[in-house]
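Hi,

Here is the structure I promised to pass on. Have a look at it first, and my notes follow underneath.

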Amino acid sequence: MTLLRNPFILFTIFIIIIMSFSSCYSIKFLDDDHNINNLEEEFGNDFHFKAYPSNYFNTILDHEKNNNMKKNLEIISRFQRFKNLEKLDEEQNQAKVITISVDRFGAKGDGKIDDTNAFQKAWKEVCSSSNVVNFVVSKNKKYLLKPIKFSGPCKSSITMQIYGTLLASDDTSNYNKDSRHWLIFDSVQKLVVGGAGVINGNGKIWWQNSCKINKKLPCKVAPTALTFYKCNNLKVKDLKIEDAQQIHLLIEKCVVVEVSKLVVSSPENSPNTDGIHITNTQNIQISDSTIATGDDCISIVDGSQKVLATSITCGPGHGISIGSLGGGNSEAHVSDIHVNGAKLFGTTNGLRIKTWPGGFGSASNIKFQNVVMNNVKNPIIIDQNYCDQADGPCKAETDSAIQVKNVIYQNIKGTSATNDAINFNCSKKIPCQGILLENVKLLGGNGETPNAIWGNINNLTCSNVLPECKKSQKIV
């Protein structure tokens, strides 16, 4: 307290406070390229900058630069401390990842003993863990499984690493409670399923009893091999899915999905074995996958939006399909579908949009781009009078139909196995609208030019297309 009574000390403290206060409100008078004349113009004639010594503002500028340098060094120091904390947090998060193996719960993996119970017990622990979980299915083992549901929501994110093989039970009585699913993930968020293993639907018994194989038998549903239902922020990658009972992979009511590096396969004559089936799902990307089945390689149906498929190899199978849509006089909508980069070999259809007569809704903003076809039947087809006779007698065209509009075919080339390489069979009541073909070249197997037929289209545009879009080929 005695120090504060000293006038010199008080005066010094006062000056320091004033200087600190004024520095908070200091004005940056000079930029590097800002001369005295600019300042006079900016501040007006009442300010006479030339009255000050020539180095006056340079001194202020140097002082400000020194202060700015100190501040920048402080910011860099803080940023470095933040990065160190972030790295520490990352290391702590990595330390929280736990590995849970299904073998710990008694799974044998010999392909003979039922391991369903072991998987159910393991999933209960996996889903209830507050730590990030790496759920492991061991390599070089084959796990026999009845239908099983992996239910969420779970407490943390999960990565399921399938290194071995999951084999479906072929005892059809095991599916009495749920005849539509074998493996299903329900409401599991931030899920990753991969591992380069195999999911085998063991579907032969189901194919043999299909009405499409044996016409005397009634038509029944069969299980989908792998289903993801209401799983947001989902990744499915590096898997082989084979011999599904019916559909191989179903993505239903999911948002933000990445599917990549899959190999999907079943015999060409296996009925209804779609490769990847998408319904009521938004923001999904499918990439770098090879699909060879007895039905559509990729099928996109009602409620699907913002679907991107890239680097797809398809065949044998029924091609890449939008639909079918509108069956049973139902309403259906799909939009913003983009197929960019595909190779199709020996498929029964190429790029197909199929809708049932009597339905209503729309299929819009669809783009097929950069596609190569080899010996493909019906390479480009829109069929608004689609009918699967296995579902009953085909109906004549009705007063309602799914509206097909804004469809682009761009950079499509290859060979057609049918005389009609381009076939737009649109509805008389609800014509197709806004169809563009650009840089399309499709030839017959011997180099001959196939046909292009179409009808009931409003605003058809063709640019550099073979077979040519001639008026004489238009269906009346």
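How many cavities of 30 Å³ or more does the count come to? Just one cavity of 30 Å³ or more turns up, where a cavity is a set of points on a 1 Å grid over the protein atoms alone at which a 1.4 Å probe fits but cannot get out. The largest cavity holds about 40 Å³, a volume being the space filled by probe spheres set on the points, with grid points joined across faces, edges and corners.

Before the rest, the small print. This is a predicted model, with local features needing pLDDT of at least 70, side-chain atom pairs counting only at pLDDT 80 or more, and totals for chains, interfaces and linings using all residues. Residues are numbered from 1 along each chain as its sequence is written, and side-chain values use heavy atoms, leaving out hydrogens and water.

On confidence (pLDDT, the predictor's score for each residue, from 0 to 100), the chain averages 84, and 77% of the residues score at least 70. Residues 15-65 fall below 50, though that stretch has 29 contacts (heavy atoms within 4.5 Å) beyond near neighbours in sequence.

Back to the largest cavity: its lining includes Phe 150, Met 160 and Leu 166. Phe 119 touches those three residues, among others, not counting residues up to four places away in sequence. Phe 119 is also one of the residues with the most contacts inside the largest nonpolar core, which has 99 residues; such a core is a set of buried (under 20% relative accessible area, 1.4 Å probe, protein chains only) Ala, Val, Leu, Ile, Met, Phe, Trp, Tyr and Cys residues joined through side-chain atoms within 4.5 Å.

Cheers

How values were computed. 1 Å grid on protein atoms, 1.4 Å probe; cavity = no way out; pocket = protein on both sides within 12 Å on 5 of 7 lines; lining within 4 Å. Buried < 20%, exposed > 50% of the residue type's maximum accessible area, 1.4 Å probe, protein only.
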